[in-house]
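Reader: I would like to go through this model with you. Please give the reasoning behind each label.

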Amino acid sequence: MSLLQRVVLVDAALVFLAVALLVVSPATVSRSTTTAEVAILLLGATALLTLTTVMTRRALAPLRLLAELMGRADPASGTHAPVPGAGPGTAREVADLAAAFDAMLTRLEDERRRATRLAIDAQEAERARLARELHDEVAQLLTAMTLQLQGAERLDGPALAARVTALREAAHGGSDAVREIMRGLRPEALEDFGLRAALVALASGVTERTGVPVRRALDAQLPPLTPEVELVVYRVAQEALANVMRHADAATVDLVLAVDPDRLVLEVRDDGRGVGDAPAGSGRQGMRERALLVGGRLAVGPGPQGVGTTVRLEVPR
């Protein structure tokens, strides 16, 4: 039975009860209403109102219990107690609402577990990358320098000077490698000069390393941004450009940062082969997760005239 049918049934039962009482009882209302008659009518109205309140409250009791359960629900706990659903005497609307709420809690918990797993995977991947770079760039360089220092003990004159020069160059190379690793962890330009300068440096670096021109159209007057927003915009641009270089086979790339009255918009557009129907990989998913962290939205789709790919990030101001 639906909730509406229950309420209507309660009201109908009370109306018929009142009619039956009037039929079987000797009570009448005279043309000139007396005080006793008014008292009886008020007493009857009060009794009907009380019965209506009690029976309606009883009919709505499952909704109140469900509302209390919704207030106590905590998707962060990982699991939730089963939401009381359909049972004997439960209104259809209440059963539907309980089932929908239970399904929503399940989806929230699944999404939270998935996001946690992605975050852990990303941390482990970053640690593995850092360890690999330290081993390949720094550890091997230090080992080579140590061997050269051991051999230098037996040198003198021009040979020693040449060895010292080689060691100095190796040390400079090691310093550059460490700075490169540090830039990967936290871009220096972003820290020192802000988002616009960091994007300029990023685009120039990509062009220098790959030979693919990255054209920049960056708004000259950026509003004050929080460090979190700046880092998210920079990382999305970095990941989008990296994806272009890995997969797009593009001839040119456009890096655009514009300010609207109510949002900051970043676009990375290329004229490559496009994403087609390829499923979203970890890189695209990571960009989407970063956007969510600052209340933003990420969209990946075809570029202008259907050519290439456009990655668009919108962050509210």
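Author: Start with the pocket, in what is a predicted model. H3 gives the most to the lining of the largest pocket, with eleven residues.

Reader: What makes a residue part of the lining of the largest pocket?

Author: Lining residues have an atom within 4 Å of a pocket point. There are 43 of them here, and the closest to the pocket centre are Glu126, Arg235, Gln238, Glu239 and Arg290. Helices H3 (92–152), H4 (157–185), H5, H6, H7 and H8 each supply at least two lining residues.

Reader: How much space lies in the largest pocket, and which classes of residue line it?

Author: The space is about 1,800 Å³. The lining has 20 nonpolar, nine polar and 14 charged residues.

Reader: Why is the set around Leu199, Val233, Leu255 and Leu313 called a nonpolar core?

Author: Such a set holds buried residues of nonpolar types, joined through side-chain atoms within 4.5 Å, and buried means under 20% relative accessible area. The largest such core has 35 residues, and those four have the most contacts inside it. So Leu313, as a core member, counts as buried.

Reader: Which elements build this core?

Author: Helices H5 (188–193), H6 (195–210), H7 (227–248) and H8 (282–293) each supply at least two residues, as do strands S1 (214–218), S2 (253–259), S3 (263–270) and S5 (309–316). The largest share, ten residues, comes from H7.

Reader: What does Leu313 touch?

Author: Leaving out residues up to four places away in sequence, Leu313 touches Val232, Val233, Val236, Leu264, Val265, Leu266, Ala291, Arg297 and Leu298.

Reader: Which residues belong to the second core?

Author: That separate core has five residues, including Leu66, Leu69, Phe101 and Leu105.

Conventions:
Residues are numbered from 1 along each chain as its sequence is written. This is a predicted model: local features need pLDDT of at least 70, side-chain atom pairs count only at pLDDT 80 or more; totals for chains, interfaces and linings use all residues. Side-chain values use heavy atoms; hydrogens and water are left out. Buried means under 20% relative accessible area, exposed over 50%, partly exposed in between (1.4 Å probe, protein chains only). Helices (H or I, at least four residues) and strands (E, at least two) are DSSP runs, numbered from the N terminus. Contact means heavy atoms within 4.5 Å. On a 1 Å grid over the protein atoms alone, a cavity is a set of points where a 1.4 Å probe fits but cannot get out, and a pocket is an open set with protein on both sides within 12 Å along at least five of seven lines; lining residues have an atom within 4 Å of a point. Grid points are joined across faces, edges and corners, and a volume is the space filled by probe spheres set on the points. Ala, Val, Leu, Ile, Met, Phe, Trp, Tyr, Cys and Pro count as nonpolar, Asp, Glu, Lys and Arg as charged, and the others, Gly among them, as polar.
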